[in-house]
Amino acid sequence: MAAWTWRFEKADGAEVRPAVQPEEFTTQGDAESWIGEHWKALQEGGADQVRLFEDTAEIYGPMSLHADEA
């Protein structure tokens, strides 16, 4: 079964520790719902953008966590 995970980054692509610890998700929809609920706290905690992965394959990103850039 595939695992869907998020990578949290600064604007320059450097990985950062998320302010809210995510789980591994079993569907893309669950992962996207979670980011929709927590993006503001993640941004306030220092993440500027995220990337979504299915196992080791990048599905999309970087996606900005700044509302004015979305």
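**Exercise 1. Contacts along the chain**

What share of the contacts in the protein chain with a separation of 6 or more do residues 24 or more positions apart account for?

*Solution.* The structure is a predicted model, in which local features need pLDDT of at least 70 and side-chain atom pairs count only at pLDDT 80 or more, while totals for chains, interfaces and linings use all residues. Residues are numbered from 1 along each chain as its sequence is written, and side-chain values use heavy atoms, with hydrogens and water left out. A contact means heavy atoms within 4.5 Å. Among contacts with a separation of 6 or more, residues 24 or more positions apart account for 50%.

**Exercise 2. Fold and dimensions**

Determine the order of the secondary structure elements, and state whether the radius of gyration agrees with that of a compact globule.

*Solution.* Helices (H or I, at least four residues) and strands (E, at least two) are DSSP runs, numbered from the N terminus. The protein chain contains one helix and three strands, and their order along the sequence is β-α-β-β.

The radius of gyration is taken over C-alpha atoms, and the globule rule is 2.2 Å times the number of residues to the power 0.38. For 70 residues a compact globule would have a value near 11 Å; the protein chain has 11 Å and therefore agrees. The C-alpha trace spans about 35 × 20 × 20 Å along its principal axes.

**Exercise 3. The nonpolar core**

Identify the residues of the largest nonpolar core that touch the most other members, and the element that gives the most to this core.

*Solution.* Buried means under 20% relative accessible area, exposed over 50%, and partly exposed in between (1.4 Å probe, protein chains only). Buried residues make up 33% of the 70 residues. A nonpolar core is a set of buried Ala, Val, Leu, Ile, Met, Phe, Trp, Tyr and Cys residues joined through side-chain atoms within 4.5 Å.

The largest such core has 13 residues, of which W6, F8, W34 and I35 touch the most other members. At least two residues each come from β1 (4–9), α1 and β2 (49–54). The element that gives the most is α1, with four residues. Leaving aside neighbours within four places in sequence, W34 is in contact with W6, F8, V20, Q21, P22, F25 and L42.

**Exercise 4. The setting of A41**

Describe the location, exposure and contacts of A41.

*Solution.* A41 lies in helix α1 (residues 28–44). Its relative accessible area is 32%, so A41 is partly exposed. Not counting residues up to four places away in sequence, A41 touches A19 and V20. A distance of 17 Å separates the C-alpha atoms of A41 and T5, which are 36 residues apart along the chain.
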